[in-house]
Amino acid sequence: MIKLPEDVIYIINEIEKNGFEAFAVGGCIRDSILGKTPNDWDITTSAKPKDIIHMFDNTIETGIEHGTVTVIIDKKQYEITTYRIDGEYTDGRHPDNVEFTNCIKDDLSRRDFTINAMAYNNTNGLVDEFEGILDLKRRIIKCVGNPQKRFQEDALRMMRAIRFSAQLDFLIEKETFNAIEDMSDTIDAVSMERINVEFTKTLMSDSRKISLYEESGILRKIIPEIYYNREIDYLKLIRLGIECSNLCQKKLYTRLAAFFVYINEYINVENIKKILKRMKYDNKSIEKTCKLLEFSKKNITDNKEEIKYILMKIGDIELVKSLVDLKRAEVKSYLIEDKKTNKDNVTDILEVFTEESLEVLDRVEKILKEVVDKKECFSLKELEISGKDLIKMGIKPGKDIGKILDKILMEVIKNPDINKKEILIEMVKNIK
């Protein structure tokens with residue numbers, strides 16, 4: 001038994017009352033069987049779109065040419081799609097036309113993977129024509145029918161296979177993965193926006209599965225820039241970056257920085273910024289990723305004054321915490337690779353990381369916490385004196401005010417106890 005939400009039961013019952021079939025279908029059934037809470041509940045039916053529109057009061061003609069109508073109940077949306085057989089996919093993404101059918105098996109046979117090709121209602125129970133349950137038990141991602149045909153229909157399915165593998169911790173069935181390798185060039189048919197979604201979901205679940213993009217040839221198509229320098233062992237750098245990413249906390253900008261952190265030595269931050277823009281990442285994520293990469297090249301010591309200088313330059317304590325997280329993951333990934341290869345140095349571009357480096361980073365974290373807890377000053381906004389105070393003292397507005405405040409801040413970073421207005425005013429008089 002799968003516990004359907006009340007709204008879904010209501011929709012299915014209404015459709016059945018009108019003489020048609022209806023089932024919850026796809027990912028919601030997969031997730032329910034796995035004991036996960038589905039994000040969405042999609043419904044498939046033998047009823048035509050015009051029938052659905054007549055049955056329910058509040059509907060949206062979402063994709064009526066492809067048989068989809070959205071029913072709204074209590075402000076929640078449920079997509080209801082007529083059983084269909086897809087026509088040719090000449091663009092490698094969408095069917096040129098669809099043919100409606102009365103057979104649930106026809107509809108399930110057009111779907112991507114066996115674990116997504118199951119349907120359920122309370123009347124008939126589970127419909128599993130392609131052994132989706134078996135593949136869930138075997139923990140594999142397998143195409144419905146011929147994998148070459150499935151990927152020819154929609155090239156994005158190749159990345160979806162890898163993404164599901166990462167999210168569910170499943171293996172990709174051999175024939176399915178062989179087809180991904182054979183057809184990796186066709187990923188060009190997919191928009192970068194859709195590529196971004198699948199790549200990001202993989203990165204944010206088990207980012208070690210990014211290696212499947214590399215092994216299959218897809219990574220070379222979506223980020224060709226990391227392969228341009230033929231003098232470097234890019235496979236090793238990619239492998240290190242993937243391991244580093246998986247060791248980071250699940251923050252997008254930290255994981256992106258980790259993926260590029262080793263390659264960064266060869267293609268630099270500005271080029272990585274161009275890559276991320278081309279991959280349609282938002283400006284805020286790009287800015288934070290690149291700032292992390294910029295500072296990742298510098299050593300972080302457990303000297304409190306130096307740590308506060310880094311805080312001053314980055315200006316965001318959460319980003320500095322992410323920098324520590326990134327550095328720790330970098331050290332650990334290096335040490336893991338070092339043990340695998342039994343070499344003293346994995347690459348020529350890095351300092352030798354040691355277990356002692358991790359101890360230093362632990363101390364850095366404690367110092368950061370102390371700075372926050374004691375509300376110690378590390379930026380101009382935390383100074384007990386401002387530009388307005390300097391103007392009142394007779395200093396003309398302009399660059400001089402900024403320079404004076406910067407000098408004051410440097411002294412306060414060295415000695416937090418002097419961050420008192422009367423003391424700082426006396427310091428300004430001496431600077432003048």
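Here are some notes on helix H7, the cysteines, a buried lysine and the nonpolar cores of this predicted model.

1. **Length of helix H7.** Helix H7 covers residues 156-168, which makes 13 residues. At 1.5 Å a residue the helix should span 18 Å, and its end C-alpha atoms are indeed 18 Å apart, so the expected and computed values agree. Just after H7, Asp169 takes a positive phi of about 60 degrees, a spot you may like to look at on screen.

2. **Surroundings of helix H7.** Because 12 of its 13 residues are buried, H7 is largely enclosed by the rest of the structure. The buried set includes charged residues, namely Arg157, Arg160 and Arg163. Among the other buried members of H7 are Leu156, Met158, Met159, Ile162, Phe164 and Leu168.

3. **Cysteines.** How many disulfides does a search of the whole structure find? The count is 0. For Cys143 the reason is distance: the closest cysteine sulfur, in Cys28, lies 20 Å from its own, too far for a bond. Cys143 is also buried, with a relative accessible area of 2%. Cys248 is in no disulfide either, and the nearest cysteine sulfur, that of Cys244, is 4.8 Å away. Since the cut-off for a disulfide is 2.5 Å, that pair does not qualify. Cys248 counts as buried too, at 5% relative accessibility.

4. **A buried lysine.** Lys288 sits in helix H15, which runs over residues 283-296. Which side chain of opposite charge is nearest to Lys288? That is Asp316, at 4.3 Å. A salt bridge has to fall within 4 Å, so buried Lys288 has none. Asp316 is nevertheless in contact with Lys288, as are Tyr253 and Leu319, leaving aside neighbours within four places in sequence.

5. **The largest nonpolar core.** This core holds 108 residues. The members that touch the most others in it are Phe199, Leu219, Ile223, Ile226 and Phe259. Helix H17 (residues 317-341) gives the most to the core, with 10 residues.

6. **Leu219 in detail.** Not counting residues up to four places away in sequence, Leu219 touches Phe199, Ile226 and Phe259, among others. Its further contacts are Tyr213, Glu214, Pro224, Tyr227 and Ile238.

7. **A second core.** Separate from the largest core is another one of 17 residues. Leu383, Ile385, Leu390 and Leu405 are among its members. As general background, nonpolar side chains tend to be buried together in soluble globular proteins.

Note on methods:
Residues are numbered from 1 along each chain as its sequence is written. This is a predicted model: local features need pLDDT of at least 70, side-chain atom pairs count only at pLDDT 80 or more; totals for chains, interfaces and linings use all residues. Side-chain values use heavy atoms; hydrogens and water are left out. Helices (H or I, at least four residues) and strands (E, at least two) are DSSP runs, numbered from the N terminus. The expected span of a helix is 1.5 Å times one less than its number of residues. Buried means under 20% relative accessible area, exposed over 50%, partly exposed in between (1.4 Å probe, protein chains only). Contact means heavy atoms within 4.5 Å. A nonpolar core is a set of buried Ala, Val, Leu, Ile, Met, Phe, Trp, Tyr and Cys residues joined through side-chain atoms within 4.5 Å.
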